Amino acid sequence: MFVHWRFFDLNLRILAPAIVAVSLILPTAIAAQVTAFRQAVAEAAARDDDLAAFYRDRNFEGIWTGSDEQAQERRNTFLTVLDGTDAHGLPPERYNTSNVMAMLREARTPEQQGKVEVELSRLLLQYARDVQSGILVPGNVDELIKREVAYRDRLETIEEFAAANAGTFLRALPPSSPEYSRLMREKIELEAGLLNGGWGPRVNGRKLELGDSGQAVVALRNRLISMGYLPRTASQTYDEALEMAVRKFQEMHGLEVDGTAGEGTLEQINVSMERRLQSVLVAMERERWINHEKGDRHIWVNLTDFTARIVDNDVVTFQTRSVIGANDADRQSPEFSDVMEFMVINPSWYVPRSIMTKEYLPQLQRNPNAVRHLEITDRRGRVVNRANVDFTQFTRRNFPFSMRQPPSRSNALGLVKFMFPNQYNIYLHDTPAKNLFSRETRAYSHGCIRLNDPFDFAYELLALQEVDPEGFFQAKLGTGRENRVDLEQPVPVHLVYRTAFTDALGNLQFRRDVYGRDARVWQALAREGVAISAVQG
């Protein structure tokens, strides 16, 4: 519940005509009150450089505390918005609207009015940053979330608000992406479902399949009906309708689609509605972190989904399976955005130092002829004769050589790599290990993203600059030599981590938290006061 402040005459200057009619002395008193108000504003804003600059530039006049129509609209509109922060998964306690409303009720003196004036501006800046860019600093949650959040300039924010229509300005603050709107809708639906008891009892059993019957099958049927994957039915048998529902569930959760409710499928079916809602709230926070133009054409790599997509004007025009970094501390794929500038056909693989010293040096110490597919070179790039080197004298710190695998079909990078130069040495590439793409969970690399269909991926990228992209690519490939091909229009690349997202039809999908990052994001959000509304109720 919020209060309309239409009847509060908080800016005492507007009362001057009525007071002048009573006494010739009172204008002096009014001037003193105005001076006291400005002084209070100056003192309250002094702790914040941006607010101090804002009010100094307007001679410490207020934007909230007058009784004119514009000030009233600002107050009422903003208090209404703060009353609905939970819709964005933001913690209402963060903005303490009850305290602000109490300050407004009690604001009788110029000093009190000056304090509440600055407090409303401070809250506006806090809310604007939170709803636009998120309430967490990504890198503080997990060091491999390398997301560089675009924060709006605070002084520009308050200046633009003061010059704009309050409602129009505030409505434009949250992410405008269709994904954010769909996630908000799913949040509301899940909250309503929680109030109605969730999806019902867990399903017991290790494996259920076509032809089975019994209580576990009934529980599976009822849970899939509650989830919306199966129309209402009284069947107590694992029939074809139930099998199709299981297939649909598996597809929407990134599982192997075989229609059998095995251990992995049942584990995901038994995830509670509350945990799914947590995933949606985390996804909304993550969408705020990337609240900027992603590029008319861009590459979207969702690590949890093990896919890489080319997106043109919000439409997926190409998709392929991917392999991501293994779930080890030093092999997980980071999250960040950059710009793809070129591809290398028939690439050499220059072995990262971490792999050289941790994996290959111990092998060379045991057998100098190990890893013969790799050239060992000195600081001048000359190939080293292994027979003349005692590898046991070196450690990880002082190993003086480099290692390179020349272009070939067995090259660790396959036959093409896609470069968006970055400090993390992460890129997309081909691989000779094709068998990994058939697996349900595909976290096996040293951090880079391997593509199942790298040639088709290349053709799609080259289609904007080559009449015959496939012919062009194959001609370069046929030389057997390393060839760099620049993209005439560089393409933004976004490596993201979404365990909850919507598909092209707007359907909500979920994925496993393969690195445990979303669990850490949720814990950080909970510490900031984000909670499940239906559970609280």
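Select Gly325 in strand β3 and Ser445 in strand β10, which are bridge partners, and then widen the selection to both strands, where β3 and β10 (residues 443-445) pair in the parallel sense over 2 bridges. Strands here are DSSP runs of E with at least two residues, helices are runs of H or I with at least four residues, and both are numbered from the N terminus; two strands pair if DSSP finds at least two bridges between them. The model is a predicted one, in which local features need pLDDT of at least 70 and side-chain atom pairs count only at pLDDT 80 or more, while totals for chains, interfaces and linings use all residues. Residues are numbered from 1 along each chain as its sequence is written, and side-chain values use heavy atoms, with hydrogens and water left out.

Stay with β3 and add strand β11 (residues 449-451), which runs antiparallel to β3 and is joined to it by 2 bridges; here Ser322 has Leu451 as its bridge partner. Next add strand β2 (residues 307-312), which pairs with β3 (residues 315-325) in the antiparallel sense over 6 bridges, with Asp312 and Val315 as bridge partners. Between β2 and β3 lie 2 residues, forming a hairpin, and Asn313 in that turn has a positive phi of about 50 degrees.

Now select strand β8 (residues 416-419), whose two faces are both covered, since Val416 and Phe418 on one side and Lys417 and Met419 on the other are all buried (buried means under 20% relative accessible area, exposed over 50% and partly exposed in between, with a 1.4 Å probe and protein chains only). Strand β4 (residues 336-345) pairs with β8 in the antiparallel sense over 4 bridges, and Val344 has Lys417 as its bridge partner. Strand β9 (residues 428-429) is also antiparallel to β8, joined by 2 bridges, and there Leu428 stands opposite Phe418.

Move on to the open sheet of 3 strands, which has the order β5-β7-β6 and antiparallel pairing. The strands β5 (349-350) and β6 (375-377) stand at the edges with a single partner strand each, so one side of each has no neighbour in the sheet. Strand β7 (residues 402-405) is joined to β6 by 3 bridges, and Ser402 in β7 is the bridge partner of Thr377. Add helix α15 (residues 353-366), which lies across β5, β6 and β7 and runs at about 90 degrees to β7.

For a pair of helices, select α4 (residues 69-83) and α5 (residues 97-106), which pack at an angle of about 155 degrees with their axes 10 Å apart (axes are lines fitted to C-alpha atoms, for helices over the stretch in contact, and angles run from 0 to 180 degrees between N-to-C directions). Show the side chains where Arg75, Leu79 and Leu82 in α4 meet Thr97, Val100, Met101 and Leu104 in α5, contact meaning heavy atoms within 4.5 Å.

Go next to helix α3 (residues 49-57), in which Leu51, Ala52, Ala53, Phe54 and Tyr55 are buried. At the start of α3, a side-chain oxygen of Asp48 comes to within 3.0 Å of the backbone nitrogen of Asp50, and just after the helix Asn59 takes a positive phi of about 60 degrees.

Finish at Glu191 in helix α10 (residues 178-195), a residue that is buried, with a relative accessible area of 13%.

Notes: Polar contact = N/O pair within 3.5 Å; in protein donor to acceptor, adjacent residues only side chain to side chain.
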